[in-house]
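Some labels on a structure look plain until one asks what stands behind them. Could you explain how such labels are reached, one step at a time?

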Amino acid sequence: GVSTDATFAYCILNGHSTLHVLDKMTGQQNRTVELTGGNIGTIYGGLAVVGSKIYYGHSSGTVYRHNLLDGQYDGYSFSTQVNIESMAFTGQDYCISQSSDDVYCYRVCLMRSMSCHPL
């Protein structure tokens with residue numbers, strides 16, 4: 001899984017909990033963050049950075065929200081209509097598909113502690 005913000009690229013290997021934070025200008029690793037809590041496992045690209053949060057979409061169809069600073073699961077998650085086999089993020093909408101032409105989008109919030117409901 002890979003996601004970016006203005007300064008960094010965030011990368012995680014399938015089945016691993018270590019988030020690698022890379023400087024976009026130099027390509028150098030800035031730091032690593034261990035994602036804890038939620039359900040870390042199979043991921044098919046399902047990362048999205050929104051403000052100080054990172055959304056981790058487990059292939060089983062649940063998206064967990066973690067703090068970027070310390071990697072802690074913050075208690076918020078949402079379920080998707082189908083398993084996540086591909087994902088794209090528009091900057092507002094977390095859109096997923098399960099190997100079909102059907103795409104389901106879910107609005108994520110930019111506000112620090114607010115939770116948004118699916119579209």
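The questions below deal with a predicted model, and each answer sets a value against its cut-off.

Q: Why is Ser3 called buried?
A: Ser3, whose place is in strand β1, has a relative accessibility of 9%, and since buried means under 20%, the residue counts as buried.

Q: What makes the pair formed by the side chain of Ser3 and the backbone nitrogen of Val49 a polar contact?
A: A polar atom of the Ser3 side chain lies 3.1 Å from the backbone nitrogen of Val49, and the cut-off for a pair of N or O atoms is 3.5 Å, so the distance satisfies the limit for a polar contact. Val49 also appears in the list of residues in contact with Ser3, neighbours within four places in sequence left aside, together with Phe8, Ala9, Tyr10, Leu47 and Ala48.

Q: How do you know that strands β1 and β2 pair?
A: Pairing requires at least two bridges, and strand β1 (residues 2-4) and strand β2 (residues 8-11) have three bridges in the antiparallel sense, so the two strands count as paired. One of the residues involved is Val2, whose bridge partner in β2 is Cys11, and a hairpin of three residues joins β1 to β2.

Q: What makes β2 and β3 a pair of strands?
A: Here β2 and strand β3 (residues 18-23) are linked by four bridges in the antiparallel sense, which satisfies the requirement of at least two, so these strands pair. Tyr10, for example, has Val21 as its bridge partner in β3, while the hairpin of β2 and β3 has six residues between the strands, and in this hairpin Gly15 takes a positive phi near 80 degrees.

Q: Why is Met87 counted as buried or exposed?
A: Met87, which lies in strand β9 (residues 86-89), has a relative accessibility of 18%, and because the cut-off for buried is under 20%, Met87 counts as buried. Apart from neighbours within four places in sequence, the residues in contact with Met87 include Tyr44, Leu47, Tyr94 and Ile96.

Q: What makes up the lining of the largest pocket?
A: The pocket holds about 180 Å³ of space and is lined by 11 residues, among which Ser52, Lys53, Asn67, Leu68 and Leu69 lie nearest its centre. The lining divides into three nonpolar, three polar and five charged residues; Lys53 belongs with the charged ones, because Lys counts as charged.

Conventions: Residues are numbered from 1 along each chain as its sequence is written. This is a predicted model: local features need pLDDT of at least 70, side-chain atom pairs count only at pLDDT 80 or more; totals for chains, interfaces and linings use all residues. Side-chain values use heavy atoms; hydrogens and water are left out. Buried means under 20% relative accessible area, exposed over 50%, partly exposed in between (1.4 Å probe, protein chains only). Contact means heavy atoms within 4.5 Å. On a 1 Å grid over the protein atoms alone, a cavity is a set of points where a 1.4 Å probe fits but cannot get out, and a pocket is an open set with protein on both sides within 12 Å along at least five of seven lines; lining residues have an atom within 4 Å of a point. Grid points are joined across faces, edges and corners, and a volume is the space filled by probe spheres set on the points. A polar contact is a pair of N or O atoms within 3.5 Å; within protein, one must be able to donate a hydrogen and the other to accept it, and residues adjacent in sequence count only if both atoms are side-chain atoms.
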